[in-house]
Amino acid sequence: MYSQMLADEVSTPQGHRSSSGSSPWPSILLRHGSSNTGYAASDAASQRTSTTPCSATGGKLKGGGASHNHNTPSVTLDEIRDKILEMAMDRSGSRVLQKLISDTSASAADGGSHEELEKLIDAIIHEIQPVLSRIMCDTYANYMCQQLFQVSSAEQRIALLRNVLENIVYISQDRRGTHSLQALIACMQTPQEHALLAETLHDNVNKMALDVHATHVLQQTITKCTPDGPGKEYSHLPMADFGFIFDDIYRNLEALAGDPNGLGVVKKCISHAPWYGDGSYVEKYKSKMLNKLQYFVENPYANYAVQHALEIWGPEVCSDIITKISESIISMAIHKFASNVVETALKVSPDDMRVMLIHRLIDYGNTSCQNAAMITLMNSAYGVFVMSTALRLAPTTELCEQIYGALVRNYQRLPDSRNKQKWDKVLVMAEKRCKKV
């Protein structure tokens, strides 16, 4: 249904899609003695690379807002009535509408008539509502939609949301529609709006999480609709409504964490899990990570999920993860991706756990020149980074001396002269740390 709707064309003159500087609204623009320079190519490029909704940038539209063009003319509602849909999908017309919405909203905020703003919004909604799903994905109209959502009332947003419910997944997967939808979600303030959104997202979480554009809609939903810290109880929201997101992410945690798009949603869930409901999702997520820790730490994307959990949940909650890392610390320290997790574990651990990790790293107690663990570590391109972090974070002079001794005893067994140059720097650092700690 949606694809067919996208194929249908609104009765917009073909010339309105032209990239030329001519305007389809000569009676408006010429009367003001100005011409619109139009929508720049850089605007489209900006939106393709950005994933932040307009509300997250202080109300500024991403890419091509009316504020980018000081020559945009001013019009009245009577002048554009019955032309709003055509204007919204035109380069110049969209900016004219954005400016009208912005100016009317600013006037109402400065003590002007709120009735004028309500009339304007109602008139725009009346004309665009039948094809709202499509214009939210339009090259030019999506900017007008973002501006409109910011000044709409809760009742108006609910009406708009109801209109696009059946197409919300498809809109979120569009490179322009995702910005419109994120802007709408960012403006939501009432339980009714959140309940409608939750109803729509059911059974679509995984599909959206894995999509390059829809993932940002899902992340915006988690950010807006669930608490992210103490004291943010969100008592006015139906908390149970969004538990299904955490459940679906948990069930597919490995696949999503290992995907570049899904990873962002996983990290959002990790950030919000301690404060959602009774906080039980922390234990669920942590348990799954522990059971498949080798996969998570060695995956080019999933390793970031473990690092994020260590940083957000802290060493007390993640003590069993840190302990399991210590058990395989050498194999992890020489791995391209897992070595980053070892470094993060060293950074977040308290002194006692950090000493335990470093002792495992240097095979403490083995004072021979045949320390297999140290030789393996020192022959790795990644071990040098882990050891540098360990030295920098070593809490005592005694521990620094133990690291230095282990390095010196096994240094001569390094066959690669280039690798020796890297460890020379670590040895110099170790000498300095032994004196300074």
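Arg354 is buried, with a relative accessible area of 11%. Its salt-bridge partner is Asp351, and the closest side-chain N and O atoms of this pair are 3.5 Å apart. Asp351 is partly exposed, at 44% relative accessible area. The two residues sit three positions apart in helix α25 (residues 351-361), so about one helical turn separates them. Elsewhere, Glu283, Lys286 and Asp320 are joined into one network by salt bridges that share partners. The model described here is predicted.

**The chain as a whole**

The protein chain has 29 helices and zero strands. Of its 437 residues, 53% are buried. The chain exposes about 19100 Å², and carbon and sulfur atoms supply 50% of that area. Among contacts with a separation of 6 or more, 75% are between residues 24 or more positions apart.

The UniProt record, an unreviewed entry, places the feature "repeat: Pumilio" at residues 79-122, 127-162, 163-198 and 324-359. Residues 163-198 are 72% helix and 0% strand, with end C-alpha atoms 15 Å apart. Residues 324-359 are 81% helix and 0% strand, and there the end C-alpha atoms are 14 Å apart.

**A covered helix**

Helix α18 spans residues 262-272, and nine of its 11 residues are buried. Among them are Leu263, Val265, Val266, Cys269 and Ile270. The elements that cover these buried residues include α14 (205-209), α15 (214-225), α16 (243-251), α17 (253-257), α19 (280-291) and α21 (302-317).

**Charged side chains**

Side chains of opposite charge can pair when their charged atoms come close. The structure holds eight salt bridges. Three of them are listed here.

| Salt bridge | Closest N to O distance |
|---|---|
| Lys99 and Asp103 | 2.9 Å |
| Lys119 and Glu116 | 3.9 Å |
| Asp351 and Arg354 | 3.5 Å |

Lys99 and Asp103 both lie in helix α6, four residues apart, which is about one turn of the helix. Asp103 is partly exposed, with a relative accessible area of 37%. Lys119 and Glu116 are three residues apart in helix α7 (residues 114-128), so they are separated by about one helical turn. Lys119 is partly exposed at 39% relative accessible area, and Glu116 is partly exposed at 43%.

Which side chain of opposite charge is nearest to Asp90? That side chain is Arg91, 6.0 Å away; Asp90 is buried yet has no salt bridge. Asp90 is found in the loop between α5 (84-88) and α6 (91-109). The side chain of Asp90 does reach the backbone nitrogen of Ser92, at 2.9 Å.

How values were computed: Residues numbered from 1 in each chain as written. Predicted model: local features only at pLDDT ≥ 70, side-chain atom pairs only at ≥ 80, totals over all residues. Heavy atoms only, no water. Buried < 20%, exposed > 50% of the residue type's maximum accessible area, 1.4 Å probe, protein only. Contact = heavy atoms within 4.5 Å. Areas by Shrake-Rupley, 256 points an atom, 1.4 Å probe, with all protein chains shown as cover. UniProt positions renumbered as here; feature names shortened; annotations may be inferred. Lys, Arg positive; Asp, Glu negative; His and termini not counted. Salt bridge = Lys/Arg side-chain N within 4 Å of Asp/Glu carboxyl O. Polar contact = N/O pair within 3.5 Å; in protein donor to acceptor, adjacent residues only side chain to side chain.
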